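Biologist: I am new to this structure and would like to go through it with you slowly. Could you show it to me, so that we can start with one of the sheets?

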Amino acid sequence: MSSKAKFQAIRGTRDLLPPETALWNRVEQTAHEVFRTFGFGEIRPPIFEPTELFARAVGGETDIVSKEMYTFAVTDLTRLIAWRDFVSSTRKIRDLDELDAYERSLSYLHREVQAAVKNGQVPDDGESQNSIVRMKRAMSIAGAALVEWRKMDGTAKFEELDEDVKDAGIAAASIRVGEEISLRPEATASVCRAYIEHNMQQLPQPVKLYYMGPMFRRERPQKGRYRQFYQIGAEVLEAVRPDAGRDAAKELAKDATVDAEVIEMLMTFFGRLQLEGTELSINSIGHAAENCRRGYVEKLRGELNRVKDKLGADSQRRIETNPLRVLDSKLEHEQGIIAKLPKIADHLCDDCQTHYAELKRQLELRGVKYVENWRLVRGLDYYMRTTFEITAKGLGSQNAVCGGGRYDGLVELLGGPPTKGIGFAIGEDRLILSLQEGGKGSVAEGRDVYVAWLGANAYATAIRAAKSLRSAGFSVELPPTEQKFGKALERASKLGARFALILGDNEISSGEWALKALGTGEQIKIAEADLPAYLKEHQ
Ligand code: HAM
């Protein structure tokens, strides 16, 4: 970049600026207030964590983890990483030049990995040794092919190498170099990690936490979708009591009640902000057991395989990796097919059915309106039973303003004790957009008072006046240089000030200050001591 080139915020990121940031503050302040009334305390986890935490919690096959994370290796083996990434991202070889470059990269990589294993920078374990052997094999095949095909004239069949290229790619990708960290794509995993790390199961249960802050996903940017975006989220975590199994029905009802209260809190928050056109969708996706979700998923996979040819590439792939996600598809031509698929509600086990029925009853008790959506499966792997999403107005295709659900077992999956969990995350960027579109985004702008002063005498008084008004909570603009009164009033109007306090020699000597309401043009005389009360009255 030349020294004159202008810098711009990176694609998918943006500056939040005043006056809009005042709305962000209002939203966040409302969250602090509402969540406190439900007994939640704030947690501020770090912005980066080990990649493995997200891979294990959110799921290695999910879009978020497999495609969208910003991941960094904390190591000085930069050359090794560059070769590794080149080899692991090579899928096909199309001509001799590519084969030549590929063969050389592979042998550099092979040499670097061997050296790194020798000096302990790459673990000397079975996995690394296996990668080295596979890379060596691919290297000799590519080397032999190179010699062979150099002799031929454009008749080489490069696809003969496809399988070996693929295998070497997988072997290269599995080389672990130092510690890998990722910018957080979400915060539920971090909250669970913190619950374990700080032994929160020893605190009175459940532990109710909320957070707000930036998350990072490398998605295709569009309205309401950013690469750095902000979430306001909350999680309720509860260690499973040893006697929990004794009265299963009671336990299920309690869980459903917790779910409903979390959703009630969310709707209270949206209500307080006067967010318009919200719609809460709920579903139950059962739990992992054979006679519940696992059984359903198998059935779904079977049905999907029968219509495989009619599905798009993503859905075809998901039949193997995660058939539930096919239900989520927005592809026009798949809608008719999906409508005829078996529904999970017809396959829930007794416990999941009891829990779901109680959830609906508890929502009704609280006056929370909902619609049921059997296709609501969510894009993260940790959910069980309750899933929910809220859409709001004015957001176009990215209209989910909040998503959440229950995730019993996630803490255990991360190495903690058996623990239940339920939570949600609101997309704050989308919430703000929707508030603005609905005309609920205005925030008081401008200053309360512009101090128009003239003369050295008046300046000392102006400083005193600004100090006392600011300490009374008013926003005050005190110009650093003196201005003719006409000019000062002009600037005060431009800044949107409500009042101009006029301090010249006359006002100082008489002790009667002049206060002009810029909206009406009305001007009064007022004593210094009476000013704060007057401003408060005329807010
Ligand atoms: P999620 O559905 O991935 O869930 O994200 C929650 C919300 O974050 C979405 O509904 C959306 O409003 C917002 N969001 C997601 N990606 C973007 C983006 N690229 N740009 C702008 N907004 C976005 C979770 O993250 C879970 N951790 C929620 C949860 C908490 N479940 C249980 N506890």
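Modeller: This is a predicted model, and a good place to begin is an open sheet of 5 strands with mixed pairing, whose order is E13-E12-E14-E15-E16.

Biologist: Which are the edge strands of that sheet?

Modeller: In the order E13-E12-E14-E15-E16, we look for strands that pair on one side only. Those edge strands are E13, residues 476–477, and E16, residues 523–527.

Biologist: In which sense do strand E12 and strand E14 pair, parallel or antiparallel?

Modeller: In general, strands of a sheet pair through backbone hydrogen bonds, in either of two senses. Here E12 covers residues 449–453 and E14 covers residues 499–503, with 5 bridges between them. Val 449 stands opposite Phe 499 of E14, and the sense of the pairing is parallel.

Biologist: What angle does the direction of helix H16 make with that of E12?

Modeller: Helix H16, made of residues 456–471, packs on the sheet and touches E12, E13, E14 and strand E15 (512–517). Helix H17, residues 485–494, also lies across E12, E13, E14 and E15, and runs at about 165° to E12. For H16, the angle with the direction of E12 is about 170°.

Biologist: Turning to the other open sheet, the one of 8 strands, what is the order of its strands?

Modeller: The pairing in this sheet is mixed, and its edge strands, each pairing on one side only, are E1 (41–42) and E8 (371–372). Within the sheet, strand E9 (residues 384–391) and E10 pair in the antiparallel sense over 6 bridges. The order is E1-E5-E6-E11-E10-E9-E7-E8.

Biologist: Which residue of E10 is the bridge partner of Thr 387?

Modeller: Thr 387 falls within the residues 384–391 of E9, the strand that pairs with E10. Its bridge partner in E10 is Gly 405.

Biologist: Where does Pro 206 lie, and what is the omega of the peptide bond that joins Gln 205 to it?

Modeller: Pro 206 lies in the loop between H8 and E5, a loop that also holds Asn 199, whose phi is positive, near 45°, although Asn 199 is not glycine. In general, most residues other than glycine have a negative phi, and most peptide bonds are trans. The bond between Gln 205 and Pro 206 is cis, with an omega of about -5°.

Biologist: Which strand supplies the largest share of the shell around the ligand?

Modeller: Strands E6 (228–239), E10 (400–406) and E11 (419–427) each supply at least two residues of that shell. By class, the shell has 12 nonpolar, 8 polar and 7 charged residues. The largest share, 6 residues, comes from E10.

Biologist: Which residues come nearest to the ligand?

Modeller: There are 27 residues around the ligand, and five of these are named as coming nearest. They are Glu 186, Glu 219, Glu 235, Tyr 383 and Ala 400.

Biologist: How much of the area that the ligand exposes when taken alone does the protein bury?

Modeller: Among the polar atoms facing the ligand, an N or O atom in the side chain of Arg 217 is 2.9 Å from a ligand oxygen, and one in the side chain of Gln 231 is 3.0 Å from a ligand oxygen. A polar backbone atom of Gly 423 is 3.5 Å from a ligand nitrogen. Taken alone, the ligand exposes 660 Å², and of that area the protein buries 96%.

Conventions. Residues numbered from 1 in each chain as written. Predicted model: local features only at pLDDT ≥ 70, side-chain atom pairs only at ≥ 80, totals over all residues. Heavy atoms only, no water. Near = heavy atom within 4 Å. Polar contact = N/O pair within 3.5 Å; in protein donor to acceptor, adjacent residues only side chain to side chain. Areas by Shrake-Rupley, 256 points an atom, 1.4 Å probe, with all protein chains shown as cover. Helix = DSSP H or I, 4+ residues; strand = E, 2+ residues; numbered from the N terminus. Nonpolar A, V, L, I, M, F, W, Y, C, P; charged D, E, K, R; others polar. Pairing = 2+ DSSP bridges. Contact = heavy atoms within 4.5 Å. Axes fitted to C-alpha atoms, helices over the stretch in contact; angles between N-to-C directions.
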